[in-house]
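Biologist: I would like a close look at a single part of the model shown here, with the cut-offs stated.

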Amino acid sequence: MTIHSTALAPSAPAAEWPELADVDLLRTLVETERRRRRLDAAMRAAVAEAERRGLAADTGYRDTTELLSDLLRISTHEARRRIEYAAPQPRSRSRKVWRALAAAS
């Protein structure tokens, strides 16, 4: 079954949400999550770059936590969380690699 829809619910006023067809609501959920992930990735990259550049010191802030807290109007806890989240994470090896390494020993 093919259902065609042109609804862009994320920009729809809240009063119109009950009028959305189910398929449009499902598409809205998927599209909104896709956009949220893209924005989240952009924020992580921007925070990481601000940290890498030492932007806080260059702009008169004690550290990146203080910069983000003031600039974005978020708590220091949230600012620290974003900095930690933006830091490069060590990549863990897959189970297959671990098994191969164990078998080779």
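Biologist: In what order do the elements of the protein chain run from the N terminus on? After that, please concentrate on H4 and what surrounds it.

Modeller: The order is α-α-α-α-α, with five helices and zero strands in the protein chain. Helices (H or I, at least four residues) and strands (E, at least two) are DSSP runs, numbered from the N terminus. This is a predicted model, in which local features need pLDDT of at least 70 and side-chain atom pairs count only at pLDDT 80 or more, while totals for chains, interfaces and linings use all residues. Residues are numbered from 1 along each chain as its sequence is written, and side-chain values use heavy atoms, with hydrogens and water left out.

Ser75 lies in the loop between H3 and H4. Its relative accessible area of 41% makes Ser75 partly exposed; buried is under 20%, exposed over 50%, and partly exposed in between (1.4 Å probe, protein chains only). Ser75 and Thr65, ten residues apart along the chain, have C-alpha atoms separated by 9.0 Å.

Helix H4 covers residues 76-86. Glu78, Ala79, Ile83 and Ala86 are its buried residues. They sit on the same side of H4, because their arc around the axis is only 140°, taken from the directions from the helix axis to the C-beta atoms. His77 and Glu84 are exposed on the other side. H1 and H3 are among what covers the buried residues of H4.

H1 (residues 22-53) crosses H4 at roughly 90°, with the axes coming within 8 Å. The two helices are therefore roughly perpendicular, a label for angles of 65 to 115 degrees. Axes are lines fitted to C-alpha atoms over the stretch in contact, and angles run from 0 to 180 degrees between N-to-C directions. On the H4 side, Arg82, Ile83, Tyr85 and Ala86 meet Asp40, Met43, Arg44, Val47, Ala48 and Glu51 of H1. By class, this contact has six nonpolar, no polar and four charged residues. Leaving aside neighbours within four places in sequence, Ala86 is in contact (heavy atoms within 4.5 Å) with Arg44, Val47 and Ala48.

Ala86 also belongs to the largest nonpolar core, whose eight residues are Val47, Ala56, Leu67, Leu68, Ile74, Ala79, Ile83 and Ala86. Such a core is a set of buried Ala, Val, Leu, Ile, Met, Phe, Trp, Tyr and Cys residues joined through side-chain atoms within 4.5 Å. H3 (64-72) and H4 each supply at least two residues of this core, and H4 gives the largest share, three residues.

How values were computed
Angles under 35 degrees count as roughly parallel, over 145 as roughly antiparallel, 65 to 115 as roughly perpendicular and the rest as oblique. Ala, Val, Leu, Ile, Met, Phe, Trp, Tyr, Cys and Pro count as nonpolar, Asp, Glu, Lys and Arg as charged, and the others, Gly among them, as polar.
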